[in-house]
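Visitor: I should be grateful for a close look at a single part of this model, followed by an account of its wider setting.

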Amino acid sequence: MSQAKKGLFSFYFQSNLLIRILIGLILGAIFGIVFQNATEMIAFLTPFGDLFIRLLKMIMIPVIACTLIVGASTISPAHLGRVGSKVIVYYMLTSLFAIIIGLAVGVVLNPGLGLELTANQSTTIKETVAPSLLSILLDIIPTNPMNSFSEGKILQIICFCLFFGIALAFGRDSNDEKIQSASDTVYHFFEGASHAMFKVVGWVMQYAPIGVFALIFIVFSQNGAAAFGSLANVTFSVYVGLVLQVVLVYCGICLLLRLSPITFLKKVRAPMITAFVTRSSGATLPVSIETAEKQMGVPKSIYSFGLPVGSTINMDGTTIYLGVCAIFIANAVGVPLDFSQQLTIVLTAVLASIGTAGVPGAGAIMLLMVLESVGLKVEAGSMVAVAYGMILGIDALLDMGRTSMNVVGDVMGVVAVAKSENELDEEVWNS
């Protein structure tokens, strides 16, 4: 008997996590449709879904803090010359365009609009008066960082961690050995904490198939097959946003630099497809480097800094996903986002892109963070949590596209910087 149990658990933990999550989504949808408005089953499964939401919220702040501090402190000030500055500014600007595209696609296509997950939502979302742009920008700066951490004020936490990480980077680059040693000690502490949090994230994600099954069952039991249309709509919307990012931003940059967009799209296929299949920017990095050097003529002095940094701080595909999914969840619970909330999403997504790209389940954690920043509290038992669970169920399908776009944005970045520095090998580019 014990051997059978061991074999069962071994099969569960050794099988592909994303496939297990998709199976949880499919089974939850099927059983939910079969058992319509099954109040007893909903009551039984609700704690399982609530547990998953609580676990995700438990890890959100520690993951953000540790990864942002480590991410910011790994960018050495010694490399932040003209080329380094151009690389980072490029990544920030394209991330900004990406989140604007994501929100625009969400507003136009309105995924989740007919789902109407409004039950019991009045207790979880408060009506707010739209603040001014100045007050939004001022509110980013925390007056008491510890208070920001305890209250979960996302933008203030991001701001403090970025300041701390950048200061730590200068300390590690100091000529004073005592300061350098102390800064390295602090850096290694947060690096160790990050690895510990990665392990905790991994444990939490092992529970994800069960949590997704419970949350999706509730959705389909209460809403029937109509929920399928909403999931298809949000998937379509994300991929429309990804295509627009390629056409409007990357091809536009090529035209501004007097480079052929067709040539770029042909040459970037290898890293783009590799990222789509592996769903990992890190695993695709060797392919990106080979493509940048041998297919596009980018010098090592640029791609050796730009591509690794891009895999850490450049998340164009993920920011598009955040914009569309935030609109979907807001529509699903019947609380449309006003301009100030959309602006908050833009700021949160762009600032949080530093460091969090390397986190397992980064998209899900960043979406949780973005929702919290605009007052869509993902509380256990709330409809926001149920809508969030729907996104997690199809996250594997969305992850392929957004990871691929992240990598394409990295390659475009080093090409753009090399061209602006007149260091792009035109013969290799045109070959």
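**The residue N110 and its surroundings**

Guide: N110 belongs to the loop that runs between α4 and α5 (133-139). The model is a predicted one. The phi angle of N110 is near 50°, which is a positive value in a residue other than glycine. Most residues other than glycine have a negative phi. In position, N110 comes just after α4. With a relative accessible area of 27%, N110 is partly exposed, because buried residues fall under 20% and exposed residues over 50%.

The helix that precedes this residue can be examined by its length. Helix α4 comprises 28 residues (residues 82-109), and at 1.5 Å a residue it should span 40 Å; its end C-alpha atoms are 40 Å apart, so the two values agree.

A second asparagine shares the positive sign of phi. For N422, phi is near 60°, again a positive value in a residue other than glycine. N422 is placed in the loop between α18 (395-420) and α19 (426-430). With a relative accessible area of 72%, N422 is exposed, because that value is over 50%.

These loops belong to a chain that has 19 helices and zero strands. Of its 431 residues, 52% count as buried. Among the contacts in the chain with a separation of 6 or more, 84% are between residues 24 or more positions apart. The chain exposes about 19,000 Å², and carbon and sulfur atoms supply 67% of that area.

Two residues illustrate contacts across long stretches of sequence. E293 is located in helix α12 (residues 281-295) and counts as partly exposed, at 37% relative accessibility. Although E293 and V428 are 135 residues apart along the chain, their C-alpha atoms are separated by 8.6 Å. Leaving aside residues up to four places away in sequence, E293 touches V298, Y303 and V428.

M272 lies in helix α11 (residues 269-278) and is partly exposed, with a relative accessible area of 26%. M272 and V407 are 135 residues apart in sequence, yet their C-alpha atoms are 6.5 Å apart in space. When residues up to four places away in sequence are not counted, M272 touches S404 and V408.

The aromatic side chains offer a further view. A pair of aromatic rings is described by the distance of the centres and the angle of the planes. A search of the whole structure finds 10 aromatic pairs. In one of them, the ring centres of F31 and F35 are 6.4 Å apart and the planes lie at 0°; the pair is therefore stacked, since planes under 30 degrees apart count as such. F31 is partly exposed, at 37% relative accessibility, and F35 is also partly exposed, with a relative accessible area of 33%. Another pair is that of F44 and F48, whose ring centres are 5.5 Å apart and whose planes stand at 55°, so that this pair is tilted. F44 and F48 are four residues apart in helix α3 (residues 39-73), and therefore about one helical turn separates them. An α-helix has 3.6 residues a turn, so residues three or four places apart point the same way. F44 counts as exposed, at 56% relative accessibility, whereas F48 is partly exposed, with a relative accessible area of 33%.

F149, F160, F164, F189 and F190 together form one aromatic cluster. Charged groups also meet aromatic rings. The charged end of R172 sits over the ring of Y187, 3.8 Å from the ring centre, and R402 lies over the face of Y321, at 4.2 Å from the centre of that ring.

The cysteines complete the account. A disulfide is a covalent bond between the sulfur atoms of two cysteines. The structure holds zero disulfides. C161 is in no disulfide, and the nearest cysteine sulfur to its own, that of C66, is 8.3 Å away. C161 is buried, with a relative accessible area of 0%, and C325 likewise counts as buried, at 0% relative accessibility.

To return to the part requested: N110 lies in the loop between α4 and α5, has a positive phi of about 50°, and is partly exposed.

Technical notes:
Residues are numbered from 1 along each chain as its sequence is written. This is a predicted model: local features need pLDDT of at least 70, side-chain atom pairs count only at pLDDT 80 or more; totals for chains, interfaces and linings use all residues. Side-chain values use heavy atoms; hydrogens and water are left out. Helices (H or I, at least four residues) and strands (E, at least two) are DSSP runs, numbered from the N terminus. The expected span of a helix is 1.5 Å times one less than its number of residues. Rings of Phe, Tyr and Trp (its six-membered ring) pair if their centres lie within 6.5 Å; planes under 30 degrees apart count as stacked, over 60 as edge-to-face and the rest as tilted. Buried means under 20% relative accessible area, exposed over 50%, partly exposed in between (1.4 Å probe, protein chains only). A charge sits over a ring if NZ of Lys or CZ of Arg is within 6 Å of the ring centre and within 35 degrees of the ring normal. Contact means heavy atoms within 4.5 Å. Accessible areas come from the Shrake-Rupley method with a 1.4 Å probe; for residues, only the protein chains shown count as cover. A disulfide is a pair of cysteine sulfur atoms within 2.5 Å.
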